[in-house]
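This report describes selected features of the structure shown below. It covers strands and sheets, domains, the chain interface and some backbone details.

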Amino acid sequence: MLAIRFHGRGGQGAKTASRILGTAAFLEGFVAQDSPIYGAERRGAPVAAFTRIAREPIRERGIVAHPNLVVVADASLIGDPAARVLQGVGEKTVVFVNSPLSAEQFRAETSLPGRLTTLDLTEIVVQHFGKRGAISALLGAVAGRLVGLRQGSIHEAIARELAELGLATSDIERNQAVAHQSYETVQPVAIETGVPQPIVPAQLQAPMYEPPTRGTARISAAANSVLRETGGWRTFRPVLVPDKCNGCWLCFVYCPDGVISMTKDDKPVIDYDHCKGCQICVHECPTDALVAEREKGGGVAWRAK
Amino acid sequence: MWQRETFKKIKQIPSEEHVFPGTSLCAGCGGLESLRLAAKVLGDDVLYVNAAGCFTMLAAYPFTPFKGSWLYTTMGSAPAGAQGVRDALDVLIAKGRLPKEEDLKVVVLGGDGSTYDMALSSTSGALYRGLDFYYFCYDNEAYGNTGMQLSSSTPYGARTATSPCSLQHPAGTIQEKKDIFEIWRAHTPPYIATVAPRYPLDLEEKFARAAKFTGPKLFLALSACPTGWLYDPGETPEVARLAVETGLWPLKEAINGQVTHTYIPKLKPVEDYLKLQGRFRHLFEPTRQDEAIRHIQERVDAYWKRVSG
């Protein structure tokens, strides 16, 4: 059995990628299972999804704790302890990272375990579509290539899964084209399945009940949410071009998270520790003084303090 | 002609923040944008009574984005919770155990699932009793926190997880959006208003006006939702702007039941608004559903004809 784990940010398409991979394997006659983590799949927040592929019926359920392949849709997730990208990753695990860095550069920067391969999927999407967008088809294709599935089945799986999401035929075809490119370009690394690990059943604890005075969660602090940094949610960051700014305040007014403040001479200051990268300020700036720049530098683009 | 008295220029919007960052609400959340602007008028001396919904994520334990207080309730009971809090504050003040200047504004936060469906009866009760509170509904037209299931706020023609496009119903949702504004207005509370995040001065002005009234003050905030409506998060203000400019989201207020439209849109074709969002994509692709689009347009036209005539 092959166990694949996808990590992404809500909206990037990790869940759909796990489905594309599962469907492609099914089309080739394998038994396949795919599931996302159930929870708040928020735009930008860390999400994970799983695919299992085997020749025999799959008895294992739940999250993939010992993956053969880990697909990372956003390099900044590696530094985010909440995402648990490295959980169960050993020397033999193949790790794919969506990054502009080469595998060697990436390893030098992050000392990531596992056998690494990288490709800049975000750049492929930006070039073909002219804007940011979900990379589910590309992730599915890369994962399919690494586990050794045929391109034809990936092609068909993308058509099925994206049609189910309501995408137009023209969009599906464009996704198939970029997926094809990713399938051809990614540097393959052989996956060793090794000796299957015995599965230890999870120990469940009986819940404890407390009277409401003790059992109710209480927060006795004020405005302490700032301790939680959401800067790692970004795949693109807004950057000010000071000469173009006319000091109109619109970026400050429209920012949902209140991370833009204005200086005395009416210039915006962006709190990058908390900016989620929605790009509302970039869209609304009347003088194009705010531009979206891709978060660069691979795994060290951002780190929880 | 309706005119803003307090907020005439963008730079009059207070720069002090009262909803702090670090919440795990989606990037580009239109509901958070409205709440943040509203809080600039409400200030810090507030007790938020939060019905379960997306805004549950505001104060995810052990963090809170507020300097004021926050009480969490079930989806159906936030206005009842607000009554309890208001009574407790009043009793403490009457007994001299809480100085009057430390009084708090009681503000219910509820999504459309709570507001239009589950908390409708407890809201009606609170309005009937004339409870002195604010009600802030962040309306993203579906049960967003659980994966965009149909609510009675979902408009005709939108595709949701529980109203998909089918052979029988190719347009998706077949029901019309419930007119909660009129349901509230039938109770004749002192103040009701609709707001949209792309119209910040209109929003701030309405909260400033509401502060003069004792009793229920209700707000319906358009919460353009990139995650559920399927558009790029950066387009939230643009989607909100088109909702207003096409006439689908009228900006209005009702003082003691008397309705005034605070902004008269140019009534762009509804198509401009629908086209931006993935939840309406099936109306245009693979085949254009002219009848459904016409139906939406006719309802908007009929509304504006009725209110202007």
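Which residue of β6(A) does A:Asn98 stand opposite? In this predicted model, the residue facing A:Asn98 is A:Leu119 of β6(A). Between β5(A) and β6(A) the chain passes through α2(A), and the β-α-β crossover formed in this way is right-handed.

**The sheet of chain A**

Strand β5 of chain A covers residues 94-98 and is joined to β6(A) by five bridges, the two strands running parallel. Another pair in this ladder is A:Val97 with its bridge partner A:Thr118 in β6(A). Both strands belong to an open sheet of six strands in chain A, in the order β2-β3-β1-β4-β5-β6 and with mixed pairing. Its edge strands are β2 (31-36) and β6 (115-119) of chain A, each of which pairs on one side only. From one strand to the next, the twist averages 15°.

Is the edge strand β6(A) largely enclosed by the rest of the structure, or not? Four of its five residues are buried, so β6(A) is largely enclosed by the rest of the structure. The cut-off behind this is 20 or more other C-beta atoms within 10 Å of a residue's own.

**Domains of chain A**

Chain A is divided into domain 1, residues 2-185, and domain 2, residues 229-300. The centres of domain 1 and domain 2 of chain A, taken over C-alpha atoms, are separated by 29 Å. In the contact between them, domain 1 of chain A takes part with 17 residues and domain 2 of chain A with twelve residues. On the side of domain 1 of chain A that touches domain 2 of chain A, helix α2 (residues 103-110) of chain A gives the most, with three residues. That helix, α2(A), is also the one through which the chain crosses from β5(A) to β6(A). By class, this side of domain 1 of chain A has six nonpolar, six polar and five charged residues.

**Contact between the chains**

How many residues of chain B are in contact with chain A? The contact involves 43 residues of chain B and 40 residues of chain A. Three helices of chain B, α1 (30-42), α7 (226-229) and α8 (236-245), each supply at least two residues of the side that touches chain A. Sorted by class, that side of chain B has 21 nonpolar, twelve polar and ten charged residues.

**Strand β5 of chain B**

Strand β5 of chain B spans residues 191-195, and five of its five residues are buried, so this strand is largely enclosed by the rest of the structure. In a regular strand the side chains alternate between the two faces of the sheet. In β5(B), B:Tyr191, B:Ala193 and B:Val195 point one way, while B:Ile192 and B:Thr194 point the other way, and all are buried.

β5(B) pairs in the parallel sense with strand β6 (residues 216-222) of chain B, over five bridges. Here the bridge partner of B:Ile192 is B:Leu218 in β6(B). The chain gets from β5(B) to β6(B) through helix α6 (residues 200-210) of chain B, in a right-handed β-α-β crossover. β5(B) is also joined to strand β7 (residues 252-255) of chain B, by three bridges, and these two strands run antiparallel. Opposite B:Ala193 stands B:Glu253 in β7(B).

**Backbone details**

Most residues other than glycine have a negative phi, and most peptide bonds are trans. The table lists exceptions.

| Item | Feature | Value |
|---|---|---|
| B:Tyr61 to B:Pro62 | cis peptide bond | omega about 0° |
| B:Glu285 to B:Pro286 | cis peptide bond | omega near -5° |
| A:Arg84 | positive phi, not glycine | phi near 50° |
| B:Met148 | positive phi, not glycine | phi about 60° |

B:Pro62 has its place in the loop between β1 (46-51) and β2 (69-73) of chain B. B:Pro286 lies in the loop between α9 (270-274) and α10 (290-308) of chain B.

For the residues with positive phi, A:Arg84 is in the loop between β4 (69-72) and β5 of chain A, and B:Met148 is in the loop between β4 (133-139) and α5 (180-185) of chain B. Is B:Met148 buried or exposed? B:Met148 has 24 C-beta neighbours inside 10 Å and therefore counts as buried. A:Arg84 has 16 C-beta neighbours inside 10 Å and so counts as partly exposed.

Methods: Residues are numbered from 1 along each chain as its sequence is written. Chains are lettered from A and ligands numbered from 1 in the order in which they are written. This is a predicted model: local features need pLDDT of at least 70, side-chain atom pairs count only at pLDDT 80 or more; totals for chains, interfaces and linings use all residues. Two strands pair if DSSP finds at least two bridges between them. Axes are lines fitted to C-alpha atoms, for helices over the stretch in contact, and angles run from 0 to 180 degrees between N-to-C directions. Domain bounds come from an automatic or database domain assignment. Two residues are in contact if their C-beta atoms, placed from the backbone, lie within 7 Å. Ala, Val, Leu, Ile, Met, Phe, Trp, Tyr, Cys and Pro count as nonpolar, Asp, Glu, Lys and Arg as charged, and the others, Gly among them, as polar. A residue is buried if 20 or more other C-beta atoms lie within 10 Å of its own, exposed if 12 or fewer, and partly exposed in between; C-beta atoms are placed from the backbone. A crossover is right-handed if, with the strands pointing away from the viewer, the path from the first strand over the helix to the second runs clockwise.
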